[in-house]
Each structure stands twice: as C-alpha cells, then as structure tokens.
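Reader: Hi! I have a model open on my screen and would love a quick tour. Could you talk me through it?

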Amino acid sequence: MMILKTCLTWIGLGLLCLNCLFTACTSTKNAIYFSDVKDTVLSPVDGSFEPRIQKNDILQINVSSLNPEDVIIYNVSNMTSASGAGGANAGAGAMLGGFLVNEQGYIQYPVLGPVKVTGFTKKSLTDYLHDQLIARKLLVDPVVSIRFLNYRVTILGEVSKPTVVNVTNEKISVLEALGMAGDITVFGKRNNILLIREVDGERIIRRLDLNDKKILNSPYYFLQSNDILYVEPNKSKIATADRSRQILPIALSSLSLLVIILDRLIINN
C-alpha cells in the first residue's frame with residue numbers, strides 16, 4: 001500500500017506540473033487597456049461621426065406631411081431586386097421591411113425612381129430626398145426620416161463569445177463591441193486588433209492598439225456597419241497549443257504505464 005500511495009502522489013505531482021506547463025504567463029502590461037493613460041481630459045472623438053450608406057444596407061425611409069394620404073405611397077416598404085443584389089440579402093431585407101441598396105448603390109424609391117444612395121450619410125440623404133420631393137412638387141413641406149435596419153458588426157478571435165452584434169442605435173465603439181463579445185481573453189492581443197472595413201468596394205485593413213490612449217481619438221474608435229474585428233492570439237496561446245501537442249501524448253503514455261505498474265502491484269499484493 002505504501003508503494004501505491006507513493007505512485008499516486010507522483011501521478012498527482014505530474015498532473016500539477018502539466019497544468020503549470022500548459023498555463024502560459026501573460027504580460028500584465030499587455031493585458032491592461034490604456035496602460036499609458038493617467039488622469040486627464042481627452043479631446044472628444046469627432047462628434048460629427050455618422051456612418052455612410054453602403055451597398056447591401058437596408059434603409060427604413062419614412063415620410064410625413066400635413067396630409068397623411070399624400071405620403072402613403074412613400075411609406076410602403078419597397079424592396080429592390082435589381083441585378084447584383086444577393087438572394088440572401090434580399091430575403092433579409094424583405095423580413096426587415098425597408099429599401100435594399102443594390103450592388104450598384106441604388107434604391108428604387110417610389111415616384112422618384114432609382115436613387116443612388118451610396119456615400120450619403122443619413123442626414124445628407126434625408127436632405128436630398130426632402131429637396132427632391134419639393135422640387136418635383138410632389139409634397140409640400142415633407143418631413144423625411146431614415147434609419148439603418150441592418151447595422152451590425154462582427155467580433156471574432158480571442159474573445160469570450162465571438163458574435164455578430166446588431167446595433168440598434170447605429171453607433172458603437174470598439175470597446176462596446178468587445179464588451180458585447182464578453183471582452184478579450186487573457187490570450188488575446190490587445191495591442192494588435194485587426195479591423196476590416198469595406199468602403200466603396202475596397203477592403204480597408206487597420207491595426208488597433210488598445211494599450212495606447214490614442215485609440216480614444218482614432219477615426220476607427222467608432223465602428224461602421226459590417227465592420228469586422230478580429231482579435232489575434234498572443235504568443236503564450238500559440239506556445240501553449242504547441243507544447244500541448246508535443247507533450248500530451250508523452251504524458252498520457254507515461255500515465256498509462258504508471259497505471260499498468262499499479263495494477264500489477266495491486267495484483268501481486
């Protein structure tokens with residue numbers, strides 16, 4: 001029995017050592033957000049931030065005036081199925097009920113016909129439609145309001161809960177998005193987050209450093225619709241994965257051998 005207890009003790013110590021080996025140490029400095037920030041007052045981020053309309057966006061456009069009957073036709077959700085618009089996007093738009101921006105950047109608006117909207121902000125498109133309705137003498141003093149129906153961002157990689165976030169208030173910061181994904185794990189690179197953004201058919205790639213206070217005044221602090229954030233694993237995570245692949249088979253073989261030895265000892269006793 002003494003030999004049995006000794007072997008069990010060694011097995012326990014071996015498992016403890018393996019646990020320590022697989023648990024990588026992470027730099028405390030790199031795990032802290034804004035490690036260089038002291039008590040201060042920072043200049044505000046550009047308060048005029050407003051996302052620009054892109055292809056495949058779904059817009060809710062409401063029009064009102066003194067005579068409700070005059071605006072009925074403009075408030076009927078009108079999904080376009082112009083060439084280039086994907087079936088999946090069209091289905092989502094039909095479910096949400098709005099105007100789908102097709103691959104050419106147009107919506108099919110009642111009476112006005114095709115209107116190119118890509119590149120507009122909500123405010124600038126609101127002003128444009130308002131002016132067009134008056135200029136063509138279709139309505140008198142109309143009130144136009146616009147909302148995005150599919151404003152969303154995607155967070156992937158070393159976060160607790162990779163997810164797609166639907167942004168109902170049409171404004172979200174990098175920090176808010178990461179918070180909704182359960183925050184970055186201890187194995188994530190806070191100083192090298194990848195942002196992927198599509199603008200006018202081109203994909204823009206930017207690296208964000210959340211250890212640096214400059215991010216608070218960055219033009220990429222607020223995310224636009226369809227942005228993707230990817231948090232890369234740090235060296236500790238990669239090293240841990242490599243060590244586990246190398247050592248785990250050896251450790252399991254050793255434990256199997258110990259079990260066999262214990263079994264023989266028990267039988268002999």
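**A walk through the model**

Author: Happy to. Of the 269 residues in the protein, buried ones make up 33%. Keep in mind that this is a predicted model.

Reader: Thanks! How many helices and strands does the protein have?

Author: There are 5 helices and 12 strands. The protein exposes about 15900 Å², and carbon and sulfur atoms supply 58% of that area. Looking at contacts between residues at least 6 apart in sequence, 65% join residues at least 24 apart.

Reader: Let's do the sheets. What is the strand order in the open sheet of 3 strands?

Author: The order is 2-1-5, and the pairing is antiparallel. Strand 2 and strand 5 each have a single partner strand and stand at the edges, so one side of each has no neighbour in the sheet. Helix 3 packs on this sheet and touches strand 1 and strand 5. The direction of helix 3 makes about 145° with that of strand 5.

Reader: How many bridges join strand 1 to strand 5?

Author: There are 6, with strand 5 covering residues 143-148. If you want a pair to click on, asparagine 62 stands opposite serine 145 in strand 5. On the strand 2 side, strand 1 (residues 58-64) pairs over 2 bridges, also in the antiparallel sense. There, isoleucine 58 stands opposite leucine 100 in strand 2.

Reader: I noticed a glycine by strand 2. Where is glycine 98 found?

Author: Glycine 98 is in the loop between helix 2 (87-96) and strand 2 (99-100).

Reader: And is glycine 98 buried or exposed?

Author: Glycine 98 is buried, because its relative accessible area is 1%, and the cut-off for buried is under 20%. Its C-alpha atom is separated by 7.3 Å from that of isoleucine 61, although these two residues are 37 apart along the chain.

Reader: Nice. On to the other sheet: what is the order in the open sheet of 5 strands?

Author: That order is 7-6-12-9-10, with mixed pairing. Strand 7 (163-166) and strand 10 (202-208) are the edge strands, each pairing on one side only. On average, neighbouring strands of this sheet are turned by 20° against each other, direction ignored.

Reader: In what sense does strand 12 pair with strand 6, and with strand 9?

Author: Strand 6 (residues 152-157) pairs with strand 12 in the parallel sense over 4 bridges. Strand 9 (residues 193-199) pairs with strand 12 in the antiparallel sense over 3 bridges. Isoleucine 228 is a handy spot to look at: threonine 154 stands opposite isoleucine 228, and so does isoleucine 196.

Reader: Which side chains of strand 12 are buried?

Author: Leu229 and Val231 are buried and point to one face. Ile228 and Tyr230 point to the other face and are not buried. In a regular strand the side chains alternate between the two faces of the sheet.

Reader: Good to know. Which residues have the most contacts inside the largest nonpolar core?

Author: Leu59, Ile61, Tyr109, Ile155, Leu178 and Leu229 do, in a core of 45 residues. Domain 1 (52-78 + 96-148) and domain 2 (152-235) both give residues to this core, so it lies between them.

Reader: Which residues does leucine 178 touch?

Author: Leaving out residues up to four places away in sequence, leucine 178 touches Ile155, Val159, Asp183, Ile184, Ile193, Leu210, Leu229 and Val231. Two of the core residues just mentioned, Ile155 and Leu229, are in that list.

Reader: Last topic: backbone angles. What is phi for asparagine 56?

Author: Phi of asparagine 56 is near 75°, a positive value in a residue other than glycine. Most residues other than glycine have a negative phi. Asparagine 56 sits in the loop between helix 1 (2-22) and strand 1. Asparagine 56 counts as buried because its relative accessibility is 18%.

Reader: What about lysine 137, buried or exposed?

Author: Lysine 137 counts as exposed, at 77% relative accessibility. Its phi is positive too, at about 60°. You can find lysine 137 in the loop between helix 3 (122-135) and strand 5.

Notes. Residues numbered from 1 in each chain as written. Predicted model: local features only at pLDDT ≥ 70, side-chain atom pairs only at ≥ 80, totals over all residues. Heavy atoms only, no water. Buried < 20%, exposed > 50% of the residue type's maximum accessible area, 1.4 Å probe, protein only. Contact = heavy atoms within 4.5 Å. Areas by Shrake-Rupley, 256 points an atom, 1.4 Å probe, with all protein chains shown as cover. Pairing = 2+ DSSP bridges. Core = buried A, V, L, I, M, F, W, Y, C linked by side-chain atoms within 4.5 Å. Domains from an automatic or database assignment. Axes fitted to C-alpha atoms, helices over the stretch in contact; angles between N-to-C directions.
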